[in-house]
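Reader: I am new to this structure and would like a close look at one part of it. Please start with the paired aromatic rings, and then follow the chain outward from there to the charged side chains and the backbone around them.

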Amino acid sequence: DNVKIIGQWRYNSDGIDMHNCEDVLIENCFLRTFDDSICIKGFDCYYDGDVDKAVNEAMYRNGKAYDVFKNVVVKNCVIWNDWGKCLEIGAETRAKEIFNILFEECDIIHVCGSVLDCCNVDYAEVHDVEYRNINVEYDDIIPASKIQTFDNETYINENREYCPGIICVTVEFHHEYSAGGTRRGINRNITFKNISLFGKHAPRLYFTGFDAKHKTKDILIENLYWNDTPITELDKNRFVLGEFAEN
């Protein structure tokens with residue numbers, strides 16, 4: 001409660017990351033980060049060789065399993081994000097379930113990557129998640145994130161029309177964050193309610209699954225506004241609905 005975080009000194013200066021937690025309340029905070037701002041993650045661990053074995057050994061300590069993530073409320077926070085994602089589930093999702101998650105009454109005042117995001121790259125069943133009463137501001141020019149590869153490299157904004165997704169829900173394999181694991185998850189019963197975007201860039205939305213058994217499904221969007229105008233239909237160029245996303 002009432003925590004201020006400024007993390008601008010390097011890449012990966014995440015704000016608040018939670019790994020396989022239960023009964024969490026984060027409120028009245030200000031975060032300026034140079035990576036993901038507030039993240040819900042499945043347990044992560046270092047490993048050499050068999051990732052599934054390493055994860056299993058890490059999750060079962062003293063005979064107790066740490067294999068769920070549930071009951072989280074994030075509310076009344078202000079987010080300034082200079083890299084990465086703002087309010088995120090993932091990318092690491094090594095948990096049996098991630099559920100009962102609420103983000104509400106937050107103001108996102110600067111973004112560079114996806115804003116309201118569920119990136120399921122491992123095997124969790126992510127369900128019963130709600131984002132509600134969220135205000136998002138887009139700058140006219142948004143610098144796309146780029147990895148610096150040498151010390152004196154100069155940042156060049158190659159696409160001045162770049163615009164990240166305001167809502168992104170995916171099940172996918174990621175070459176780095178899936179850590180070699182072959183199991184995939186499911187996203188279901190995720191709600192976005194009273195989401196307001198301000199700025200010249202129109203909202204972009206992405207929904208994708210992985211295959212017929214690992215889908216993104218049952219998503220509700222209720223009251224999406226762009227500059228106080230309700231969005232009643234989406235430009236096909238700004239709305240991605242993958243083959244394995246439904247309802």
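Aromatic rings and their surroundings

Author: F34 has a relative accessible area of 22%, which makes this residue partly exposed, because buried would require under 20%. The model in which F34 is seen is a predicted one. Counting ring pairs over the structure gives 4 aromatic pairs. F34 belongs to one of them, with W83 as the partner: the ring centres are 5.7 Å apart and the planes meet at 20°, so this pair is stacked. The angle decides the label here, because planes under 30 degrees apart count as stacked. The two residues come from distant parts of the chain, 49 residues apart. F34 is in the loop between β4 (30-33) and β5 (38-41), while W83 is in the loop between β9 (78-81) and β10 (87-91). W83 has a relative accessibility of 13% and therefore counts as buried. The pair thus joins a partly exposed residue, F34, to a buried one, W83.

A second pair is made by Y131 and F192. Their ring centres are 5.0 Å apart and their planes are at 10°, so these rings are stacked as well. This pair also links distant parts of the chain, with Y131 in strand β13 and F192 in strand β15 (residues 186-198), 61 residues apart. Y131 and F192 are both buried. The two also belong to a wider group, since F103 joins Y131 and F192 in one aromatic cluster.

The strand that carries Y131 is worth following further. Strand β13 covers residues 125-137 and includes E137. N133 is placed in strand β13 too. The backbone at N133 has a positive phi of about 55°, although the residue is not a glycine. With a relative accessibility of 25%, N133 counts as partly exposed, because the value lies between the limits of 20% and 50%. R132 and E130 form a salt bridge in which the closest N and O atoms are 3.6 Å apart. Both partners count as partly exposed, R132 at 27% relative accessibility and E130 at 22%. E137 has a relative accessible area of 42% and is partly exposed. E137 is one member of a negative surface patch, together with E105, D107, D139 and D140.

The salt bridge of R132 and E130 brings up the others. The structure holds 13 salt bridges. One of them joins the side chains of E92 and K41, with an N to O distance of 2.6 Å. This pair connects distant parts of the chain, 51 residues apart: E92 is in the loop between β10 and β11 (97-110), and K41 is in strand β5. Although charged, both partners are buried: E92 has a relative accessible area of 9%, and K41 has a relative accessibility of 7%.

Another salt bridge joins E161 to K200, with 3.9 Å between the closest N and O atoms. That distance still qualifies, because the limit is 4 Å. E161 is in the loop between β13 and β14 (167-171) and K200 in the loop between β15 and β16, so the bridge ties together parts 39 residues apart in sequence. K200 is partly exposed, at 44% relative accessible area. Elsewhere, K85, E88 and D117 are linked in a network of salt bridges.

Two more backbone details complete the walk. The peptide bond from G90 to A91 is cis, with omega near 0°, and A91 is in strand β10. D23, in strand β3 (residues 22-27), has a positive phi near 60° while being a residue other than glycine. At 58% relative accessibility D23 counts as exposed, because the value is over 50%.

The last stop is A212, in the loop between β16 (205-208) and β17 (216-226). A212 counts as exposed, with 55% relative accessibility. From A212 to E243 the C-alpha distance is 8.8 Å, and the two are 31 residues apart in sequence.

Definitions and conventions: Residues are numbered from 1 along each chain as its sequence is written. This is a predicted model: local features need pLDDT of at least 70, side-chain atom pairs count only at pLDDT 80 or more; totals for chains, interfaces and linings use all residues. Side-chain values use heavy atoms; hydrogens and water are left out. Patches are made of residues with over 30% relative accessible area and no salt bridge: like charges are joined within 9 Å, nonpolar side chains (Val, Leu, Ile, Met, Phe, Trp, Tyr) within 5 Å. Accessible areas come from the Shrake-Rupley method with a 1.4 Å probe; for residues, only the protein chains shown count as cover. Lys and Arg count as positive and Asp and Glu as negative; His and the chain ends are not counted. The place of a charge is taken as NZ of Lys, CZ of Arg, CG of Asp or CD of Glu. Helices (H or I, at least four residues) and strands (E, at least two) are DSSP runs, numbered from the N terminus. Buried means under 20% relative accessible area, exposed over 50%, partly exposed in between (1.4 Å probe, protein chains only). Rings of Phe, Tyr and Trp (its six-membered ring) pair if their centres lie within 6.5 Å; planes under 30 degrees apart count as stacked, over 60 as edge-to-face and the rest as tilted.
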